[in-house]
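Trainee: I have a new structure to get to know. Could you walk me through it?

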Amino acid sequence: MTEAVTSHADAIATAGALARDALEATHQAREITLGASRAAIRACAVAIRAVHRHEFDRAREHLAEAARLLDQAHGATADHPDIRYGGFLQDAHKEFAEASLTLAFVTGAPLPTAADLGLDTAPYL
């Protein structure tokens with residue numbers, strides 16, 4: 001009987017450790033993605049303001065920064081679709097699409113597609 005109790009206790013401890021590890025990984029993905037998404041949204045807002053001032057090179061720099069931050073968020077959520085599709089990353093995608101399209105409209109450049117921007121269709125629209 002003691003062996004069965006010890007075996008169950010070990011199994012419960014192992015399951016608990018695995019659950020903690022999974023939850024910690026999800027938490028880390030959420031923290032990285034939330035920070036990167038917020039920073040990308042700020043970079044997109046600055047890019048749009050730069051476009052309005054006809055500072056197109058500066059706008060492109062901020063869009064490049066936003067793209068780098070979105071790549072960081074994508075990397076952090078590769079194994080966490082619940083975080084990737086939780087909403088805040090899609091908000092950053094929408095802002096990135098808006099800033100990219102605004103720059104293209106104002107400069108007369110070809111409009112980037114969702115695929116060009118590495119975005120899903122819904123946030124692009």
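Mentor: Gladly! Keep in mind that this is a predicted model. Let's begin with Leu 111, which counts as partly exposed because its relative accessibility is 43%.

Trainee: Which residues form a nonpolar patch on the surface with Leu 111?

Mentor: Leu 111 sits in the loop between α4 (88-107) and α5 (114-117). The patch has about 300 Å² of accessible area in total. Leu 111's partners in the patch are Phe 105 and Val 106.

Trainee: Is Thr 26 buried or exposed?

Mentor: Thr 26 belongs to helix α1, residues 2-52. Its relative accessible area is 16%, and buried means under 20%. Therefore Thr 26 is buried.

Trainee: Leaving aside neighbours within four places in sequence, which residues is Thr 26 in contact with?

Mentor: Here we set aside the residues within four places of Thr 26 in sequence. The contacts of Thr 26 are then His 80, Asp 82 and Ile 83.

Trainee: Which helix gives the most to the largest nonpolar core?

Mentor: That core has 23 residues, and Ala 40, Leu 63 and Phe 96 are among those with the most contacts inside it. At least two of its residues come from each of α1, α2 (56-76) and α4. With nine residues, the helix that gives the most is α1.

Trainee: And which residues does Ala 40 contact, leaving aside neighbours within four places in sequence?

Mentor: Ala 40 is one of the residues with the most contacts inside the core. Beyond its neighbours within four places in sequence, Ala 40 touches Ala 66, Leu 69, Leu 70 and Ala 92.

Trainee: How far apart are the closest N and O atoms of Arg 60 and Asp 57?

Mentor: Side chains of opposite charge can pair when their charged atoms come close. Arg 60 and Asp 57 are three residues apart in helix α2, so about one helical turn separates them. Arg 60 is partly exposed at 41% relative accessibility, while Asp 57 is exposed at 57%. In their salt bridge, the closest N and O atoms are separated by 3.2 Å.

Trainee: Which residue forms a salt bridge with Asp 91?

Mentor: Asp 91 counts as partly exposed, with 36% relative accessibility. Its partner also lies in helix α4, three residues away, or about one turn of the helix. The closest N and O atoms are 3.3 Å apart, and the partner is Lys 94.

Trainee: Which residues do salt bridges with shared partners join into one network?

Mentor: Searching the whole structure gives five salt bridges. Those that share partners link up into one network, made of Arg 53, Glu 55 and Arg 58.

How values were computed. Residues numbered from 1 in each chain as written. Predicted model: local features only at pLDDT ≥ 70, side-chain atom pairs only at ≥ 80, totals over all residues. Heavy atoms only, no water. Patch = residues over 30% accessible without salt bridge, like charges linked within 9 Å, V, L, I, M, F, W, Y side chains within 5 Å. Areas by Shrake-Rupley, 256 points an atom, 1.4 Å probe, with all protein chains shown as cover. Salt bridge = Lys/Arg side-chain N within 4 Å of Asp/Glu carboxyl O. Helix = DSSP H or I, 4+ residues; strand = E, 2+ residues; numbered from the N terminus. Buried < 20%, exposed > 50% of the residue type's maximum accessible area, 1.4 Å probe, protein only. Contact = heavy atoms within 4.5 Å. Core = buried A, V, L, I, M, F, W, Y, C linked by side-chain atoms within 4.5 Å.
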